[in-house]
Amino acid sequence: MRLGILTTHPIQYQVPWFRLLARQPGVDLEVLYCMLPDAAQQGSGFGVSFEWDVPLLSGYTYRVLENRARVPSVTTFFGCDTPEIYGILRQEPWDAFIVNGWVAKSCLQLLAACRLRGVPCLVRGESNALRPRAAWKRGVHRLLLRQYVAFLAIGSQNRAFYLANGVAPERIFAAPYCVENERFAFDGRSLLTARPFTFLFSGKLIPKKRPMDVLKALAWLRAQAPDLAVGLVVAGDGELRPDCEAFGAAEGLPVRFTGFLNQSQIGQAYREADCLVLPSDNGETWGLVVNEGMASGMPAIVSDQVGCHPDLIVAGETGWTFGCGDVEGLGKRMLQMAEDPEQAFRMGQAAARLVNEGYHYRRVVEGTVAALRYLGLSV
C-alpha cells in the first residue's frame, strides 16, 4: 500500500517512527514536509538559532513541498501553506494519509484534498482533555474530527479528548508519544550520596513551561531545609531566561543555567541529575522530556496539567504530581525526593522500566498498522 504522512518539518521525535514504518512489509511510505526550516526558523521559541545535530532525513523517503506562506514558520498556523498538495493527491495514487494534527494550514489542506479524492485520512494530534475549552471551540472540534477516518492516540488524555468529541472508541488506536529510549539509557547511574541531590528542568524558558516555579520551589525548599545539599540545572533557553537568572542570583540559589543543549548534548544533563521537574501548564500537551528523563533512569515531578502525567507518573513509584502553579506543593515534592535519595533512585529504575516496556516506537508502528487494517487496507 502507498502511505503518505504530512508534517510541518523534520522533528526528532517523529523520524524514528517514519524509519521503522518504512521498513514495515507491505508499506510504501513517503513523508511530505511543508518546509525545511533554517537555523533561525528552527530556533523559534528556543531563544537561539540552531540546527539539530542528529540526522533526520535518512532511512525513509520524503519530499519537501513548496511553502507559499508569506512568513514561513513551523510555529504558527499560517506559517505552512502548501496548496500543491491538492495536485499531488489528484495526480498520484495513495491508499491512505496520516496528518500531524491540525496545527498548520497545510494540515487542513491535506484533509480537504483527502476528502475530495476519497483518500482515507488518519490523524495523530496532541490535543488532550485537560485544557478547558469554550463551547464554540468544542463544537468546531466535533465537526473537524468527523472528517478523519481513524485516530492515533498519543496517550490517555488524547484518547479522552477524542471520546469527549464523539469519536467512536473502535476508531482510536494507541500510538503513544515516545523517544528513542536507548539513546537516553544510562546503565551507569548509581546511588550517589556524597554530592548534592540535583534537579533538572529541561526545555524552553517560556511562559507555558513555568520555569520560575522550579526556582521559587527550590527557594522554598532551602528555607525549610537549609542544611540539605541540593542543586538545580536549567537546560534550555528562551525569553524568560533573564528573569530566571536574576531570581536565582538574588536568592543565592544553587542553580546552573546551561543554555540550549542540542540532541548530542542533552543526554549528559540527564545523566548528571537525579530528578526531572516539569511544572508546565495545560499548554504542555504531553512533555517528551519526561520520557527522556525516565529513559535515563530518573523519576519526575510534573504538574497535574502536563499531558503525560496520567500515563507516566505512578504516584510514589515513578514520580509525583502537584497542582499547577502551587509552588509550595512543588517544593514539598522536591523536598520529599531530596530527603530520600534511595527512594528516588528506586523510582528512577521503575520509571525506566515503564517507558522501556510501554512507550517505544514499535508500539507506534503497531498502532499505525492496526488502524490501517481497520480501514481494510492490506499491510
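## A walk from the cysteines to the surface patch

Start by selecting Cys114: this residue is buried, with a relative accessible area of 1% (buried means under 20% relative accessible area, exposed over 50%, partly exposed in between, with a 1.4 Å probe and protein chains only). Before going on, note that this is a predicted model, where local features need pLDDT of at least 70 and side-chain atom pairs count only at pLDDT 80 or more, while totals for chains, interfaces and linings use all residues. Residues are numbered from 1 along each chain as its sequence is written, and side-chain values use heavy atoms, with hydrogens and water left out.

Now add Cys121 to the selection. Cys121 is buried too, at a relative accessible area of 2%. Why is there no bond between Cys114 and Cys121? The sulfur of Cys121 is the closest cysteine sulfur to that of Cys114, but at 4.2 Å the two are too far apart for a bond. A disulfide here is a pair of cysteine sulfur atoms within 2.5 Å, and a search of the whole structure turns up 0 of them.

Next stop: the charged pairs. The structure holds 13 salt bridges, each one a side-chain nitrogen of Lys or Arg within 4 Å of a carboxyl oxygen of Asp or Glu. Select Arg2 and Glu30, whose side chains meet in a salt bridge at 3.0 Å, N to O. This pair ties together distant parts of the chain, 28 residues apart: Arg2 sits in strand S1 (residues 2-7) and Glu30 in strand S2 (residues 28-33). Strands are DSSP runs of E, at least two residues long, and helices are runs of H or I, at least four, numbered from the N terminus. Both Arg2 and Glu30 are buried.

Keep Arg2 and bring in Glu92: they form a salt bridge too, with the closest N and O atoms 3.1 Å apart. Here the link spans 90 residues, from strand S1 to the loop between helix H3 (85-91) and strand S4 (96-99), where Glu92 lies. Glu92 is partly exposed, with a relative accessible area of 23%. Add Arg63 and you have one network, in which salt bridges that share partners join Arg2, Glu30, Arg63 and Glu92.

For another pair, jump to Arg241 and Asp237, whose side chains meet in a salt bridge at 3.0 Å, N to O. Asp237 is buried, with a relative accessible area of 15%.

Finish at Leu57, in the loop between helix H2 (39-42) and strand S3 (61-64). Leu57 is partly exposed, at 33% relative accessible area.
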